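Hi,

Here is the structure I promised to pass on. Have a look at it first, and then read on for what turned up.

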Amino acid sequence: MWYVVAAREGAELRVGPSSGCNAGDDRPRNCRWQRGRLSCERASARGRRYFVPAGTAHTIGPGVVLCEVQQHSDITYRVFDYDRVGLDGKPRPLHIRQALNVMHFGEQSGGRCDPVRVTHGAVTETFFAACRHFATERWEFRERIAAVTSPEHFDILIFLEGQGRIEFADGSEPYAPAEVWLLPAALGAYQLVPESASMLLRTYVPDLNGFVQRLADERVLEAEWARVVHP
């Protein structure tokens with residue numbers, strides 16, 4: 001998943017092949033077809049977010065700063081590299097055949113997220129996407145809020161705005177923008193104490209049934225939570 005932290009006017013993202021594009025279009029002699037045949041998305045608005053499932057052709061244009069949340073993987077198949085060269089001065093290798101074996105054509109499940117927003121107490125939570133590999137949500141708060149980690153997974157907090165403290169049983173630590181904190185599953189109860197209006201992304205590996213139940217407990221209708229859950 002991509003979250004746009006900053007983008008200059010006119011910056012673009014490209015997610016998924018354009019309509020009418022299919023695996024049969026590709027040949028080794030025509031390895032540049034993706035450059036002009038990805039669905040274009042303006043990324044100039046800060047805070048936009050995009051779900052990019054595995055197998056989705058995608059690229060990030062210049063002038064965009066993203067926070068990227070993903071399943072850990074060291075596999076990247078390049079189908080076009082903008083004529084760049086490596087440190088040796090030679091073009092980096094492309095992986096046309098490998099990419100075609102895993103690329104999704106036709107109707108796409110990725111693209112801009114249509115989130116669910118819930119406010120309770122001092123915090124507003126915006127749920128962007130949840131799949132079996134990760135879930136990502138945004139917290140916005142101006143007052144002290146209490147939370148607790150799950151014994152089933154660690155949490156990652158990515159601070160976007162504001163300053164304050166993370167308080168827990170054994171002490172406290174300051175937080176600031178652009179910091180990433182890993183909260184272990186054993187941490188338990190903690191509090192976020194803002195000194196200024198704060199915003200963060202929280203991401204973790206969810207139990208999807210528990211995720212859905214959490215939204216249902218907030219009286220979010222199925223038609224709404226189904227937009228963010230990707231089984």
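Let's start with the cysteines. Cys67 has a relative accessibility of 12%, so it counts as buried, the cut-off being under 20%. Cys131 is buried too, because its relative accessible area is 8%. As for disulfides, the structure holds 0 of them. In case the term is new to you, a disulfide is a covalent bond between the sulfur atoms of two cysteines. Please keep in mind throughout that this is a predicted model.

Now to the sheets. One of them is an open sheet of 4 strands, and its order is S6-S1-S4-S7, with antiparallel pairing. At its edges you will find S6 (64–68) and S7 (111–112), each of which pairs on one side only. If you want to see how S7 is attached, look at S4, residues 49–51: 2 bridges join S4 to S7, and the two run antiparallel. Phe51 is a good place to zoom in, as a residue standing opposite Gly111 in S7.

Another open sheet has 6 strands, in the order S8-S9-S10-S17-S12-S15, and the pairing is antiparallel here as well. Its edge strands are S8 (116–120) and S15 (180–183), with pairing on one side only for each. On average, neighbouring strands in this sheet are turned by 25° against each other, if you ignore direction. Inside the sheet, S12 (residues 155–161) is joined to S17 by 5 bridges, and these two strands run antiparallel. There, Ile158 stands opposite Leu201 of S17.

S11 deserves its own look. It pairs with S16 (residues 189–194) in the antiparallel sense, over 4 bridges. Ile145 has Leu192 as its bridge partner in S16. In a regular strand the side chains alternate between the two faces of the sheet. S11 shows such an alternation: Ile145 and Ala147 point to one face and are buried, whereas Ala146 and Val148 point to the other face and are not buried.

Next, the pockets. Rolling a probe the size of a water molecule over the atoms shows where empty space is left. The largest pocket has a volume of about 1,400 Å³. It is lined by 40 residues, and those closest to its centre are Ala54, Gly55, Thr56, His58 and Ile75. Which elements give two or more residues to this lining? They are strand S5 (58–60) and helix H1 (96–102). S5 gives the most, with 3 residues. By type, the lining of the largest pocket divides into 21 nonpolar, 12 polar and 7 charged residues.

The second largest pocket holds about 370 Å³ of space. Of the 21 residues that line it, Trp139, Val148, Arg202, Tyr204 and Arg214 are the closest to its centre. Two or more lining residues come from each of strands S9 (123–130), S11 (145–148) and S17 (198–204), and from helix H2 (208–217). This is where S11 comes back into the story: it gives the most to the lining of this pocket, with 4 residues. Val148, one of the S11 residues that are not buried, is also among those closest to the centre of the second largest pocket. The lining of that pocket divides into 10 nonpolar, 5 polar and 6 charged residues.

Happy browsing!

Methods: Residues numbered from 1 in each chain as written. Predicted model: local features only at pLDDT ≥ 70, side-chain atom pairs only at ≥ 80, totals over all residues. Heavy atoms only, no water. 1 Å grid on protein atoms, 1.4 Å probe; cavity = no way out; pocket = protein on both sides within 12 Å on 5 of 7 lines; lining within 4 Å. Points joined across faces, edges and corners; volume = space filled by probe spheres on them. Nonpolar A, V, L, I, M, F, W, Y, C, P; charged D, E, K, R; others polar. Pairing = 2+ DSSP bridges. Disulfide = S-S within 2.5 Å. Buried < 20%, exposed > 50% of the residue type's maximum accessible area, 1.4 Å probe, protein only. Axes fitted to C-alpha atoms, helices over the stretch in contact; angles between N-to-C directions.
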